[in-house]
Structure formats: C-alpha cells, structure tokens
Amino acid sequence: MSEPHTAPSPQLFFETINAFQKSAALKAAVDLGLFAAIGEPPATATAAEIAERCQCPLRGIRILADNLAIMGFITKEGGSYALTPSSAVFLLPQSPAYMGGAVNFLLAPGLTEAFTDLASTIRLGRLHTTEHGTTAPDHPAWVEFARAMGPMMMPTSQGAAALAPLDASRDTRVLDISSSHGAYGIAVALKNPRAHLVALDWEAVLAVTEENAWAAGIADRFSKIVGDAFTVDLGSGYDVVLVPNFLHHFNVEDCTRFLKRVHAALRPGGKVLIVEFVPNEDRITPPPAAGFSLVMLGTTPEGDAYTFAEYEKMLAEAGFHAAELHPLPPTAQSAVLAVA
C-alpha cells in the first residue's frame, strides 16, 4: 500500500513506537476492573465514581479513562464515561464473550519477550530466545491459552461449525486437533447430537477441554487423545477433522505431512476443516490476517500465515480435493474446507 499523498508526518512512527503504552493501559483497565466500574450501558460514571469503585486515587483513574476514551474503548461526555457497545460485549466480566482473561496470555512475558530483539531472530534465521518457541512439547502457555481464549473463539467456532453439517441419521465422529479450549469441537458437537467428539492435545491442556465439554453437556460424547499431533495415533473413520489455529505454527512441508495423517484418519468423503488467518496473495491484505505472520516470526521456528493458494497446494499433495475458502466474519479468520 502506498503512502497517501499528504505532507510527510512522523505521526505513524510515534503511534507505532509507543504502541506498548496502549496495551499497558488496556491491561491496567482490565486488572483494575475499570470497565465493570463504569457499568453496562446505558450506565455512566464520573472519574471520581470509577476511582471509588476501583479503590484507586483519582488522578490515575482520570488519566487512564481519558486515554481509553482516546483509544475508543469508552466514550466521554461532559465529565462522565460510558462503555462502547464492543467494550460492553467483550470487556464486561459478566459477558459470555468476555475477553479480559486473554490479557494474561497475550501479554505473558514468554510471548512479549520474543519481540524484544526481533532483529536477532531475523538475522539468525531462528528464534533468539528459545529453540522451539511456542511449538515446544507441553509448552505451559497453552494451558493459559485454553483457559483464557475460549470466549474469544465463540464467533469463529460457531461460523466454522455451520460449515460442517453431519449426517443426522447415524452416529458420527469428529476429531479436534490441538483442541485447547475445545470451542470448535464443542460447537460442532452441539449442532450434531449424534456426533462423538475426540479432542487431541497435551494432557494438561485437555483437562481444560474436558471441563468445557462437561459444562457444555456433551461429556457422554467426549473422549481424549493425549500427545503430539504429528506422532500419536489419531484413530480412523472420522467424518470431520477440525484443525483450528494449528498449521500456522509449522513450515509448508510439515503442514503437508500432517495433512496426510489427517487424510488417513478420515473416512472416504470425510472433510478437513482448517481455521486460520488467511492473507490475500499480496500478503498485506486484509491487515489483521496478513499481520499474523509477524506473530509467527517472533514465536515459532518456521511458522507463517499461509495464503489460500498455499493451503490448496498442501491439501492436494495430501490427497484432498475440492478445497474451499470461507471467511468467518466478523472475525479476521477464515475456514478452509476440503474433502478426502
């Protein structure tokens, strides 16, 4: 994208170099309970009222609230603040779609430190912090991810589940790879009452998956496979294999090798449903999907954000056909569906 025809300005430089301050402000607001202190719309609160409810001195709360208004998380009219509709949905703790819990994962030192010297990672051609990054076996970050990120995945998982209807006249089997919070597999199981869900992940992570399966009322249709998705026995005869947010951690060759394992686990005519950030061929649009490649550069040895053409090629080499791309609005992700 070319720079607009305007006078040169340092504004983008300052906004970007200081972006960490915005994430720090948002984390502070979540940690202090500021959004709950304002209350669900149409509630409003003054800085003094918020400070009293958060049990904090007024100065810090007033400056924080003003900056949250500047960023667009809350509004300010006169001396009163109110939540935006998005903040009410995603930042009020009582909301089913609450995302505040994701702060501890997304800003965990193990992730943020990976970007403190990105130049070294690029120079070396490997991570400058650890050998395997977040792809290390049993990485503890994934337990935090499973506990924190489930609500964030609800819109995507519902959209993905709608793409994988199953035969209602018979018992069916669904394998959820790197199941984590289990949102994707649970969404499919809830839409298909005769589906049995098999969740695959590390043992500590599967404890969270199982909790969520019990809470969703599908415990009698749930089982687990513990281990490395590249080496553990996947079983066979599945009608659908879900691969959500997994392939971006690995290089093309490993992704293709893994998809061959998925193909062997499916019954003839079964489907693989991949959920990923899929950039356009230019690799810079749409920005939320294309920009995910930077996350992979900083946290994995060889991961990337792959285009649909790249997924088509991987799938074809693994024995799949009829690959389709399905955007999953309002999220930045897409589903890639293919037939064995």
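In the predicted model, Ser178 lies in the loop that joins β4 (172–176) to α12. Although Ser178 is not a glycine, its phi is positive, at about 50°.

Two cis peptide bonds are also described here, and each leads into a proline placed in a loop. One runs from Thr285 to Pro286, with omega near -20°. Pro286 belongs to the loop between β8 (266–276) and α15 (287–290). The other cis bond runs from Pro329 to Pro330, with omega near 10°. In this case the loop holding Pro330 connects β9 (321–327) with β10 (334–339).

Two domains are annotated in the UniProt record. An unreviewed entry gives "domain: O-methyltransferase dimerisation" for residues 15–91. Within residues 15–91, helix makes up 65% of the chain and strand 13%. The C-alpha atoms at the two ends of this stretch are 23 Å apart. The annotation "domain: O-methyltransferase C-terminal", also from an unreviewed entry, is placed at residues 159–320. Here the chain is 38% helix and 22% strand, and the end C-alpha atoms are separated by 22 Å.

A helix pair was examined next. Helix α4 (residues 47–54) and helix α5 (residues 58–71) have axes that come within 9 Å of each other and cross at roughly 115°. The crossing of these two helices, α4 and α5, is right-handed. On the side of α4, the contact is formed by Ala47, Ala48, Ile50, Ala51 and Cys54, while α5 contributes Leu58, Ile61 and Arg62. By class, the contact of α4 with α5 comprises seven nonpolar residues and one charged residue, with no polar ones.

Empty space in the model was then considered. Rolling a probe the size of a water molecule over the atoms shows where such space is left. The second largest pocket has a volume of about 260 Å³. Its lining consists of 17 residues, and those nearest the centre of the pocket are Met154, His181, Ala183, Ile186 and Asn212. Four helices, α10 (141–149), α11 (154–162), α12 (183–191) and α13 (203–215), each provide at least two residues of the lining of this second largest pocket. The largest share is that of α12, which supplies four residues. Sorted by class, the lining of the second largest pocket contains 10 nonpolar, five polar and two charged residues.

Helix α12 thus appears twice in this description: the loop containing Ser178 lies between β4 and α12, and α12 gives the largest share of the lining of the second largest pocket.

How values were computed
Residues numbered from 1 in each chain as written. Predicted model: local features only at pLDDT ≥ 70, side-chain atom pairs only at ≥ 80, totals over all residues. Heavy atoms only, no water. UniProt positions renumbered as here; feature names shortened; annotations may be inferred. 1 Å grid on protein atoms, 1.4 Å probe; cavity = no way out; pocket = protein on both sides within 12 Å on 5 of 7 lines; lining within 4 Å. Points joined across faces, edges and corners; volume = space filled by probe spheres on them. Nonpolar A, V, L, I, M, F, W, Y, C, P; charged D, E, K, R; others polar. Axes fitted to C-alpha atoms, helices over the stretch in contact; angles between N-to-C directions. Left-handed = near helix turned anticlockwise from the far one by under 90°. Contact = heavy atoms within 4.5 Å.
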